[in-house]
Amino acid sequence: MLGFLKKPVVVTAEINVNLMTLTVMGLVSRLWGLSYPRAVVFDEVYYGQFVSLYMKRIFFVDDSGPPFGHMLLALGGYLGGFDGNFLWNRIGAEYSMNVPVWSLRLLPALAGALCVPLAYQILVELQFSHCAALGAALLILLENSLITQSRFMLLESILIFFILLAVLSYLKFYNLQRHSSFSGSWWFWLLLAGVACSCAVGVKYMGLFTYVLLLAIAGLHFWHMIGDQNLSNVSLMCHFLARGVALIIIPVAMYLSFFYVHLTLLYRSGPHDQIMTSAFQASLEGGLARITQGQPLEVAYGSQITLRNVLGKPMQCWLHSHTNTYPIRYENGRGSSHQQQVTCYPFKDVNNWWIVKDPGMQQLVVSNPPRPVRHGHIVQLVHGITTRYLNTHDVAAPLSPHSQEVSCYIDYNISMPAQNLWRVEIVNRESDTDVWKTILSEVRFVHVNTSAVLKASGFTGASLPEWGYRQLEVVGEKLSKGYHQSMVWNVEEHRYGKSQEQKEREVELHSPTQVDISKNLSFMAKFTELQWKILTLKNEDAEHKYSSSALDWITMDTNIAYWLHPTSGAQIHLLGNVVTWASANVAALVYACLSLWYLIRRRRKIYDIPEDAWQLWVSAGGICVGGWAVNYLPFFLMEKTLFLYHYLPALTFQILLIPIVLQHLSDHLCRSLLLKSMFAALIVAWFSSVYFVYCTFSPVTYGEPALSVTQLKDLRWKDSWNILIRKQ
């Protein structure tokens with residue numbers, strides 16, 4: 001029974017020495033001297049702020065993309081014990097001792113290092129030789145721009161890693177398709193392709209380009225499967241469902257999970273709260289939540305409320321009034337009603353309070369039991385401090401003459417009667433009997449007499465002049481088609497009024513709100529709002545010293561100075577390997593010309609290369625040329641500040657094309673042994689030049705050693721490059 005113990009247990013394993021060596025070389029090239037410089041390098045000043053906010057669990061919104069990449073950077077800080085205490089306000093600022101620089105830069109460096117073996121494996125899975133795969137990996141290894149971008153707390157190397165992982169996983173899955181469908185490894189690589197696509201999109205929305213490309217390739221492959229008569233209808237349906245689950249459902253679920261973790265971690269109020277709705281703000285700990293905690297949920301007749309405009313950009317503001325009146329005549333000679341001003345005020349103030357009044361009763365307190373206001377009810381809004389009624393009439397607004405002036409009515413005993421009845425319309429109601437709720441309900445106020453809608457128009461125009469204290473204009477919009485957010489309001493602060501006397505009511509309005517009720521948003525509601533803000537929030541894109549156009553990238557006519565030593569000439573630049581970039585462009589041009597030539601010849605029934613070589617050529621082009629195109633061409637349509645590093649994902653695909661074209665030329669165009677030998681010698685010479693350029697620009701890739709003024713000038717190979725030289 002124990003006979004098996006008479007022989008030793010032997011475990012055999014295949015080790016790809018090429019792959020192991022490339023991985024080690026990639027790690028050395030990216031991790032060597034990772035803590036240098038111990039100073040803020042370029043966009044570390046941007047991403048570092050978010051890492052600090054993660055460490056302190058403070059909510060933020062970044063309009064540049066989803067949160068997964070930020071969370072990975074924050075994970076590095078967490079593993080290094082970072083407490084978040086550092087002021088990210090200046091490029092070049094020295095890191096304090098509490099900042100774990102090596103740990104913060106570790107994950108981007110690891111991602112950049114692993115791109116080297118991934119490039120090798122991708123070419124192997126594309127059925128090219130190990131020599132071509134080795135060439136692709138070495139080109140990625142020696143690409144100065146990829147090294148620079150992966151050695152700092154930036155996201156591009158992580159994005160490229162997940163893109164390449166998605167491509168490799170899909171290729172492995174596709175190659176297993178032929179002989180082991182639905183096996184364990186088949187499922188593993190298919191699922192990993194979906195996961196990697198989701199992670200790429202979660203790091204930056206640029207990852208969506210490669211995801212769409214892989215979906216298109218998967219769709220094309222499945223279309224070919226439909227024509228396979230050996231597959232039954234059931235088998236085809238199983239293949240379709242497997243791809244749908246792995247490449248669509250799982251990525252969507254993972255994308256949602258990134259936001260779930262993000263919102264779970266960031267539960268404290270912070271500086272970005274103001275762009276979110278009141279309901280979102282109230283769900284965070286501190287900030288508005290401290291004010292609104294314990295408020296009554298249902299708005300009733302007699303309720304004291306503040307009304308926040310839902311649009312909230314470029315700044316949040318509340319419906320406001322004060323004792324000052326509109327001037328009798330404006331600067332342009334138009335007359336006004338000389339009624340009490342109503343504005344939208346961007347700060348919390350006692351003059352933001354209003355009382356919801358029943359037009360049929362005089363009391364300004366909540367009855368017992370309270371009578372809730374519902375959708376469609378007619379109300380009057382009484383300004384809490386001045387007790388004047390919100391009013392609008394057929395008088396042109398001060399800045400928007402096409403709209404009606406909104407005021408608080410003063411009875412001047414002239415032929416201008418009060419028109420102060422408003423119909424409450426709950427925009428996000430579930431039924432026509434919905435109750436108006438604090439924070440949750442988004443309402444429009446429709447003027448009964450004129451059908452004008454209460455609107456904060458100051459978001460799109462100028463603020464009021466000095467007589468209006470530069471506050472935002474509020475108007476009655478006559479043409480109220482649709483539900484523009486500037487016409488929608490929500491109750492932010494709310495209390496049940498108890499004082500009928502004006503003096504007592506003023507004291508009440510100055511006191512904080514206190515009644516206990518807790519109402520949190522669901523995850524999907526928070527996700528939807530946050531996702532919408534990310535997609536629509538636009539920061540003012542100021543022209544940057546190192547910004548560039550997409551046309552500048554192909555020929556690398558631009559660079560970015562990432563860091564400059566405060567005393568010596570040591571500096572770091574985002575500069576690519578000139579030989580590699582030029583070779584990538586030539587390879588793309590050769591591929592396009594050869595493909596066109598082959599297509600024309602095949603149309604004439606002339607086949608220059610075997611069918612299997614043609615299929616290999618087309619599939620490789622679909623991945624490499626397609627990957628370059630989808631990651632580059634969309635930038636011509638974008639209205640945003642662009643930088644050279646935006647080109648790196650496209651460049652990576654273009655670099656993979658170089659050894660593919662070289663192998664094709666060697667195998668199919670160099671027919672004689674002499675030509676093959678000469679071509680091999682040229683490749684060796686060319687690759688030596690790649691290595692030479694890598695070594696030449698290493699000082700500005702790694703930031704050391706420091707170079708003299710003469711050496712720096714010698715590195716300026718193009719007049720458009722901005723190499724920093726100190727004045728002597």
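# Notebook: a walk through a predicted model

I started with Arg57, which is partly exposed at a relative accessible area of 27%. The model I am reading is a predicted one, so every entry below concerns computed values.

**Entry 1: positive phi values**

I looked up the backbone of Arg57 and found a positive phi of about 60 degrees, although Arg57 is not a glycine. I placed Arg57 in the loop between helix H2 (44-55) and helix H3 (68-79).

I then turned to His338, another residue that is not a glycine and has a positive phi of about 60 degrees. His338 sits in the loop between strand S2 (318-325) and strand S3 (340-345). Is His338 buried or exposed? My note says partly exposed, because its relative accessibility is 28% and the partly exposed class runs between 20% and 50%.

**Entry 2: cis peptide bonds**

I checked omega next. Asn368 and Pro369 are joined by a cis peptide bond, with omega about 5 degrees. Pro369 belongs to the loop between strand S4 (353-357) and strand S5 (378-383).

I also wrote down the bond from Glu704 to Pro705, which is cis with omega near 0 degrees. For Pro705 the place is the loop between H19 and helix H20 (709-714).

**Entry 3: the whole protein**

I stepped back for an overview. I have 20 helices and 14 strands in my list for the protein. The C-alpha atoms fill a box of roughly 110 × 80 × 70 Å along the principal axes. Of the 728 residues, 54% are buried.

I looked at contacts too: among those with a separation of 6 or more, 75% are between residues 24 or more positions apart.

How does the domain assignment divide the protein? It gives domain 1 as 27-262 + 547-715 and domain 2 as 295-513. I noted 54 Å between the centres of domain 1 and domain 2, taken over C-alpha atoms.

**Entry 4: helix H5**

I picked helix H5, which covers residues 130-141. Its 12 residues reach 16 Å from the first C-alpha to the last, close to the 16 Å expected at 1.5 Å a residue.

How many residues of H5 are buried? I have nine of the 12, so I call H5 mostly covered, since buried means under 20% relative accessible area. The buried residues are Ala132, Ala133, Gly135, Ala136, Ala137, Leu138, Leu139, Ile140 and Leu141.

I wanted to know what covers them. The cover includes helix H1 (17-31), helix H4 (101-125) and helix H6 (144-150). It also includes helix H16 (578-603), helix H18 (648-668) and helix H19 (673-702).

**Entry 5: cavities**

I went through the search of the whole structure, which finds five cavities of 30 Å³ or more. The largest holds about 70 Å³ of space. Its lining is Arg30, Gly112, Cys115, Ile140, Leu146, Gln149, Ser150, Glu156, Ser157, Ile160 and Leu648. H4, H6 and helix H7 (156-176) are the elements that each give two or more residues to this lining. I sorted the lining residues into five nonpolar, four polar and two charged. Ile140 turns up twice in my notes, as a buried residue of H5 and in the lining of the largest cavity.

The second largest cavity has about 60 Å³ of space. I listed its lining as Phe60, Val61, Asp62, Gly65, Pro66, Pro67, His70, Phe259, His262, Leu530 and Ile534. Helix H10 (233-265) and helix H14 (523-536) each supply at least two of the lining residues. My sorting here gives seven nonpolar, three polar and one charged.

**Entry 6: Lys172**

I finished on a lysine in helix H7, Lys172. Why do I file Lys172 as buried? Its relative accessible area is 16%, and buried means under 20%.

Which residues does Lys172 touch, leaving aside those up to four places away in sequence? I found Gln121, Glu125 and Trp189. I also noted Val124, which is 48 residues from Lys172 in sequence and 9.8 Å from it in space, C-alpha to C-alpha.

Terms used: Residues numbered from 1 in each chain as written. Predicted model: local features only at pLDDT ≥ 70, side-chain atom pairs only at ≥ 80, totals over all residues. Heavy atoms only, no water. Domains from an automatic or database assignment. Helix = DSSP H or I, 4+ residues; strand = E, 2+ residues; numbered from the N terminus. Expected span 1.5 Å × (residues − 1). Buried < 20%, exposed > 50% of the residue type's maximum accessible area, 1.4 Å probe, protein only. Contact = heavy atoms within 4.5 Å. 1 Å grid on protein atoms, 1.4 Å probe; cavity = no way out; pocket = protein on both sides within 12 Å on 5 of 7 lines; lining within 4 Å. Points joined across faces, edges and corners; volume = space filled by probe spheres on them. Nonpolar A, V, L, I, M, F, W, Y, C, P; charged D, E, K, R; others polar.
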